[in-house]
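Student: Could you take me through one helix in detail, and show me what it packs against? I'd like the whole story in one go.

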Amino acid sequence: MKKYIFIVVGLILLFLGCTPEAPQRVEVRGIWLRPPETKAALVAAIDSLADAGINMIFIETWYHSHTIYPSKVAAQRPGFQGWDPLRVALR
């Protein structure tokens, strides 16, 4: 009897459109990016990659024993002093 109840409930849910949707697959076209040392060059690089069809960018955040972003734990790479390339890239 329980088997029939599950079948009936399943048919009702199917009829009402309450079936779970399958997740959509997205093609990943990604690249690792070592950010350039100016904001304008970083924005231009990201725009160029987007125009080329890249939909995922992995930013290199540890660069020659320094971070690219201001950190209380490790020293920021001297070429990036005064700005945060990671924040710029995320925007």
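Tutor: Let's take a close look at helix H2 and then at the core it joins. Keep in mind that this is a predicted model. H2 runs over residues 39-51, so count 13 residues, and its first and last C-alpha atoms are 18 Å apart, close to the 18 Å expected at 1.5 Å a residue. Its buried residues are Leu42, Ile46 and Leu49. They sit on the same side of H2, because the arc they cover around the axis is only 65 degrees. Flip to the other side of the helix and you'll find Ala40 and Asp51 exposed. As for what lies on top of the buried residues, the cover includes strand E1 (30-33), strand E2 (56-59) and helix H3 (85-90). Just after H2, Gly53 takes a positive phi of about 95 degrees.

Now for the core. The largest nonpolar core has 10 residues, among them Leu42, Ile46, Leu49, Ile68, Phe80 and Trp83. H2 gives the most to this core, with three residues. Ile68 is worth a click too: leaving aside neighbours within four places in sequence, its contacts include Ile59, Tyr63, Phe80 and Trp83.

The aromatic side of the core is fun to look at. Phe80 and Trp83 are both buried, and together with Tyr63 they form one aromatic cluster. On Tyr63 itself, Arg77 lies over the ring face, 3.9 Å from the ring centre.

How values were computed: Residues numbered from 1 in each chain as written. Predicted model: local features only at pLDDT ≥ 70, side-chain atom pairs only at ≥ 80, totals over all residues. Heavy atoms only, no water. Helix = DSSP H or I, 4+ residues; strand = E, 2+ residues; numbered from the N terminus. Expected span 1.5 Å × (residues − 1). Buried < 20%, exposed > 50% of the residue type's maximum accessible area, 1.4 Å probe, protein only. Arc of directions from axis to C-beta. Contact = heavy atoms within 4.5 Å. Core = buried A, V, L, I, M, F, W, Y, C linked by side-chain atoms within 4.5 Å. Phe/Tyr/Trp six-rings, centres within 6.5 Å; stacked < 30°, edge-to-face > 60°. Lys NZ or Arg CZ within 6 Å of the ring centre and 35° of its normal.
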